[in-house]
Amino acid sequence: MNLLKIKNLRIKIKNKIILDNINLKINKGEIHILKGNNGSGKSTIALTIAGNKKYNISKGKIIFNNINIKNLSIDERARIGIFIAFQENIEIPGLNTQYFLYKTFNYIRKYNNKKLLNIIEFKKILYKKIKKINFPKSLLKRSFNKGFSGGEKKKNEILQILLFKPKLIILDEIDSSLDKKTLKKTINIIKNLKNKKKSFIIITHNDNFIKNIKPNYIYLINKNKIKKL
């Protein structure tokens, strides 16, 4: 069964066509790799799926879990299970990291008609997750990504995946800035989630990372088109 189906998609910014006739099918438990030169449109696909309004869909459809998501907001797409880890991680001064994780965790649980957890119950889960990826507990008390190193920001993204359990996980160069130990753990996390029928779109230039991930499909984005390798 297709978790994500992109059909004859044309993406524009203002009146300029960025990508055209994009077709992609992703089943549950699959990993799909996007490769291509800088500016080829890899991140454009990711951000369009996530719902960034900068990218206009002038033709085609994006069907996620049998829902046409073309007119859904970023917020609505996140609620139904789409997660994106950005290449450039956003810093939000004044927003406590633990508070953000707790509120978002319960927000998703509420949407899925699950019991809301109090802060003590949530912390038990949170502390188990941060231990898995060596995420410093001290960062939870700081503003979201503010002053974090590149690797700490990537770990924050991985932590959110472990907590929020999305169905489709889009990773834009998640392998950058991570030390070897954390990268190895990240690869194992991805493989484990794949086995639990989570699906991935991963943007990367790292051939060694691709080899270790063992994706189902690899695509090249070039000249506004997508080609399976």
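# Briefing on helix packing, aromatic pairs and backbone outliers

A search of the whole structure finds five aromatic pairs. One of them joins Y217 and Y219 in a tilted arrangement, with 6.5 Å from centre to centre and 35 degrees between the planes. The structure is a predicted model, and the points below take up its aromatic residues, the contacts that helix α5 makes with α3 and α4, the burial of helix α1, and residues with a positive phi.

**Aromatic residues**

- The two members of the tilted pair differ in their exposure class, because Y217 has a relative accessible area of 32% and is partly exposed, whereas Y219, with a relative accessible area of 6%, is buried.
- Ring pairs also link Y102, F105 and F122 into a cluster; of these residues, F105 belongs to the α3 side of the contact between α3 and α5, while F122 belongs to the α4 side of the contact between α4 and α5.

**Helix α4 against helix α5**

- Helix α4, which spans residues 119–132, packs on helix α5, which spans residues 150–164, at an angle of about 130 degrees and with the two axes 10 Å apart.
- The relation between α4 and α5 is therefore classed as oblique, and α4 passes α5 in a right-handed crossing.
- On the α4 side the contact is made by F122, I125, L126, K129 and I130, and these residues meet L159, L162 and L163 of α5.
- Sorted by class, the residues of this contact between α4 and α5 comprise seven nonpolar, no polar and one charged.

**Helix α3 against helix α5**

- Helix α3 covers residues 97–111, and the axes of α3 and α5 come within 10 Å of each other while crossing at roughly 30 degrees.
- Because angles under 35 degrees count as roughly parallel, α3 and α5 are described as roughly parallel to each other, and the crossing in which α3 passes α5 is right-handed.
- The contact brings T97, F100, L101, T104, F105 and I108 of α3 together with N156, L159, Q160, L163 and F164 of α5.
- The residues in the contact of α3 with α5 divide into seven nonpolar, four polar and no charged.
- On α5, L159 and L163 appear in the contact with α3, and L159 and L163 also appear in the contact with α4.

**Burial of helix α1**

- Helix α1 runs over residues 42–50, and eight of its nine residues are buried, so this helix is largely enclosed by the rest of the structure.
- The buried residues of α1 are K42, T44, I45, A46, L47, T48, I49 and A50.
- Just after α1, G51 takes a positive phi of about 110 degrees.

**Positive phi outside glycine**

- N66 has a positive phi of about 70 degrees although it is not a glycine, and N66 is found in the loop between β4 (56–64) and β5 (67–68).
- With a relative accessible area of 64%, N66 is exposed.
- N113 likewise is not a glycine and has a positive phi, here of about 60 degrees, and its place is the loop between α3 and α4.
- N113 counts as exposed, its relative accessibility being 73%.

Note on methods: Residues are numbered from 1 along each chain as its sequence is written. This is a predicted model: local features need pLDDT of at least 70, side-chain atom pairs count only at pLDDT 80 or more; totals for chains, interfaces and linings use all residues. Side-chain values use heavy atoms; hydrogens and water are left out. Axes are lines fitted to C-alpha atoms, for helices over the stretch in contact, and angles run from 0 to 180 degrees between N-to-C directions. Helices (H or I, at least four residues) and strands (E, at least two) are DSSP runs, numbered from the N terminus. Angles under 35 degrees count as roughly parallel, over 145 as roughly antiparallel, 65 to 115 as roughly perpendicular and the rest as oblique. A crossing is left-handed if the near helix is turned anticlockwise from the far one by less than a right angle, and right-handed if clockwise. Contact means heavy atoms within 4.5 Å. Ala, Val, Leu, Ile, Met, Phe, Trp, Tyr, Cys and Pro count as nonpolar, Asp, Glu, Lys and Arg as charged, and the others, Gly among them, as polar. Buried means under 20% relative accessible area, exposed over 50%, partly exposed in between (1.4 Å probe, protein chains only). Rings of Phe, Tyr and Trp (its six-membered ring) pair if their centres lie within 6.5 Å; planes under 30 degrees apart count as stacked, over 60 as edge-to-face and the rest as tilted.
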